[in-house]
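Me: Please pick one part of this structure and look at it closely. Then set out what else can be said about the chain around it.

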Amino acid sequence: MGLTNESVGISAADNGLVIHKQHDTDHIIALAGNPNVGKSTVFNALTGLNQHTGNWPGKTVTNAQGYCEYNGQGYVMVDIPGCYSLMAHSAEEEVARDFICFGEPDGVIVVCDATCLERNLNLVLQMLEITTHVVVCINLMDEARRKGISINVPLISKRLGTPVVCTEARSKKGLKKLMQEVENILEKDYRQPVKVEYIEQIEQAASILEKALKGVDIHRIPPRWLALRLLDQDETLLKGLKEYLGYDIGKLPEIQAALEQTEALLMSQGLSKEKRLDSIVSSLVRQAEAICNGAVQKSGYSKEDRDRKIDRILTSKRTGFPIMILLLAVVFWLTITGANYPSQVLAKGLFCVQDWLSQILLYLGAPGWLESLLADGVYRTLAWVVSVMLPPMAIFFPLFTLLEDLGYLPRVAFNLDKYFKKCSACGKQALTMCMGFGCNAAGIVGCRIIDSPRERLIAMLTNNFVPCNGRFPTLIAILTMFFVGAGTGLFQSAACALLLTGIILLGILMTFFSSKLLSSTILKGVPSSFTLELPPYRRPQIGKTILRSIFDRTLFVLGRAVSVAAPAGLVIWLMANVSLNGQSLLAICSGFLDPFARFLGMDGVILLAFILGFPANEIVVPILLMAYMSAGSLMEYESLDALRTILVQNGWNWITAVCVMLFSLFHWPCSTTCLTIYKETKSWKWTIAAVALPTLVGMVFCAVFANLARLF
């Protein structure tokens with residue numbers, strides 16, 4: 001197995017996905033499996049760094065492709081979305097099914113979890129109904145051994161009628177044998193996969209349709225599988241089938257007649273569409289159970305027993321929530337204490353570059369205004385965003401990913417599921433909410449895991465109620481200056497982390513309240529059910545986790561923020577340096593906003609700083625300083641004590657500080673998040689709603705608090 005460099009885009013059949021091949025002779029292999037079976041680990045181990053990512057055509061679901069070689073033959077690995085079934089109930093399962101059926105891969109590797117093989121075989125049996133070129137990869141064998149589980153692999157392979165290979169992808173054990181079996185299934189055609197036996201009525205109806213399909217060109221689709229799917233009448237499958245075949249198979253006279261005959265037969269037996277689907281699923285479950293019977297055995301005390309004991313603590317009503325809040329506080333404390341010094345060093349380094357940039361521009365003969373615009377405006381804003389945003393993200397995202405790899409985040413979703421259900425929302429929203437702490441844009445993208453379009457919209461519209469790390473610097477600075485006291489000791493950082501956790505809990509409560517409000521008004525509906533798997537606790541791979549979180553999350557989010565910070569720097573510089581009647585545009589605008597801002601417990605400068613901070617929340621405090629000091633560019637402060645002195649001199653008190661924190665917690669999403677919402681929803685209406693909802697909440701909170709505080 002090896003890495004390669006060049007690739008050629010070739011369309012995979014008619015599904016529109018571009019496959020990156022090295023050579024025309026390369027084979028396309030689909031990598032399938034349930035969520036949390038280590039499929040991505042197998043994919044990464046096989047393909048190394050030679051990977052491509054993008055979106056499936058017409059979908060927001062991400063695809064990943066990689067290239068590897070074995071015995072001189074090239075293989076393009078397509079990592080299809082994790083799914084429990086090919087009877088699609090979500091966008092991910094739709095994509096997986098359509099690629100297997102219509103993408104015409106040369107072979108399929110189905111990755112299974114050795115610790116729960118029986119459940120995973122449901123997907124394997126469905127794959128074998130579509131193609132005989134299937135290799136079953138039983139992964140996580142090390143986990144199975146720790147749980148006292150033993151698997152008779154030859155017996156499983158014999159009963160399935162297809163090759164079965166055991167792997168431990170983390171340590172790359174068994175991967176060569178896996179590729180050898182992939183090579184074998186493509187060169188030889190000796191397999192006789194197990195046939196799933198359905199109840200007599202289903203078999204009879206499928207036989208009628210199968211006979212009708214014999215005279216129809218259905219390309220490489222197996223007639224029996226297609227007959228069974230026509231019984232389901234799945235609209236999404238019929239649409240994909242029409243695009244693949246180039247005609248509507250349901251309108252052919254012989255197929256129409258067969259469908260009418262089977263429908264009459266099944267309805268006479270009391271088998272409605274729902275009942276026949278239940279019967280098909282039950283048959284698959286029974287067959288998987290029969291295959292594992294006697295071949296999978298468990299003995300003695302296992303790691304699974306230990307996991308259940310831990311779960312009794314982490315998911316308990318009494319201890320689950322306190323532990324969750326404590327862990328949240330610890331993560332914030334580590335982020336706060338760890339990011340301070342790197343931010344200062346990075347800021348000094350980047351601001352030194354500003355001086356060199358100014359000298360270069362002047363040396364090249366640039367006019368003074370242009371030099372100031374580019375150096376003091378565009379570059380300084382970029383430098384500020386990077387220096388303030390990068391260190392917290394570089395700490396928070398790896399910590400978040402470590403909790404994810406450890407297996408704790410699904411427990412968070414489990415704890416919060418009941419409360420989201422009460423709000424008629426989806427329990428998976430707990431996971432997207434957690435992602436929003438790092439970056440709300442990442443949280444919006446994470447909403448793809450929610451199957452229901454209604455519940456996905458609720459999650460998107462309320463994701464901004466949890467503050468991203470772009471708002472942390474403002475919240476932390478105000479907490480420290482007005483409520484904790486400046487200092488670098490353990491007490492100050494711990495107190496600040498606890499107060500910040502309290503503020504965030506308020507944001508979480510508003511997430512629940514807003515979700516309930518939306519589900520009771522413009523997004524009415526019944527909460528959907530979903531399978532929430534509690535994966536085993538695993539030791540995180542710290543090195544890989546840090547690299548993955550930095551490259552996949554931190555730099556991705558930072559890149560989006562930087563792309564909007566540059567034009568923001570230009571606008572901010574113009575407003576600070578362009579004057580009308582002796583007043584800068586910044587002063588004129590802040591004066592105009594001042595009466596309304598006073599009603600909200602702030603002033604015009606603060607409100608304008610939030611507006612100009614739309615591209616990136618990190619620049620709100622520097623804009624405040626620039627306006628208060630009547631400077632022409634963003635300013636940095638020497639210390640929090642110095643900053644507090646400036647703010648107090650400009651009319652700040654504890655009421656102002658609380659209102660600024662409330663508005664920082666509840667106000668419009670940044671431009672990066674808004675852009676992401678539009679890309680995910682393809683609707684300006686919902687993007688505007690996502691801006692209006694938290695902003696209105698923030699204004700109400702600030703107005704009520706400020707006026708009550710003044711009154712009493």
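Reply: **A crossing of two helices, and some loops**

Of the 712 residues in the protein, 55% are buried (under 20% relative accessible area with a 1.4 Å probe and protein chains only; over 50% is exposed, and partly exposed lies in between). The model is predicted, so local features need pLDDT of at least 70 and side-chain atom pairs count only at pLDDT 80 or more, while totals for chains, interfaces and linings use all residues. Residues are numbered from 1 along each chain as its sequence is written, and side-chain values use heavy atoms, with hydrogens and water left out.

The secondary structure amounts to 28 helices and 13 strands (DSSP runs numbered from the N terminus: H or I of at least four residues for helices, E of at least two for strands). Among contacts (heavy atoms within 4.5 Å) with a separation of 6 or more, 74% join residues 24 or more positions apart. The protein exposes about 30,800 Å², and carbon and sulfur atoms supply 60% of that area (Shrake-Rupley method, 1.4 Å probe).

The part chosen for a close look is a pair of helices. Helix 22 (residues 585–599) and helix 28 (residues 684–711) have axes that come within 8 Å and cross at roughly 70 degrees; the axes are lines fitted to C-alpha atoms over the stretch in contact, with angles from 0 to 180 degrees between N-to-C directions. Helix 22 is therefore roughly perpendicular to helix 28 (65 to 115 degrees; under 35 is roughly parallel, over 145 roughly antiparallel, and the rest oblique). On the helix 22 side the contact is made by Phe596, Arg598 and Phe599, and on the helix 28 side by Met699, Ala703, Ala706, Asn707 and Arg710. Sorted by class, these are 5 nonpolar, 1 polar and 2 charged residues (nonpolar: Ala, Val, Leu, Ile, Met, Phe, Trp, Tyr, Cys and Pro; charged: Asp, Glu, Lys and Arg; polar: the others, Gly among them).

Other helices can be read residue by residue. In helix 1 (residues 39–47) the buried residues are Lys39, Val42, Phe43, Ala45, Leu46 and Thr47. Gly48 follows helix 1 and has a positive phi, near 60 degrees. Thr432 lies in helix 16 (residues 429–438) and counts as buried because its relative accessibility is 0%. Apart from neighbours within four places in sequence, Thr432 contacts Gly443, Gly446, Cys447, Ile449, Ile450, Ala459 and Asn463.

Next come the loops. Most residues other than glycine have a negative phi. Glu104, in the loop between helix 2 (91–102) and strand 7 (107–113), has a positive phi near 55 degrees and is partly exposed at 27%. Lys172 also has a positive phi, about 65 degrees; this residue sits in the loop between strand 10 (164–166) and helix 6 (175–187) and is exposed, with a relative accessible area of 53%. His23 belongs to the loop between strand 2 (18–21) and strand 3 (27–33) and is partly exposed at 44%. The C-alpha atoms of His23 and Gln73 are 9.7 Å apart, although 50 residues separate them along the chain.

Last, the cysteines. The count of disulfides (pairs of cysteine sulfur atoms within 2.5 Å) is 0. For Cys137, the nearest cysteine sulfur belongs to Cys112, 7.8 Å away. Cys137 is buried at 0% relative accessible area, and Cys423 is buried at 8%.
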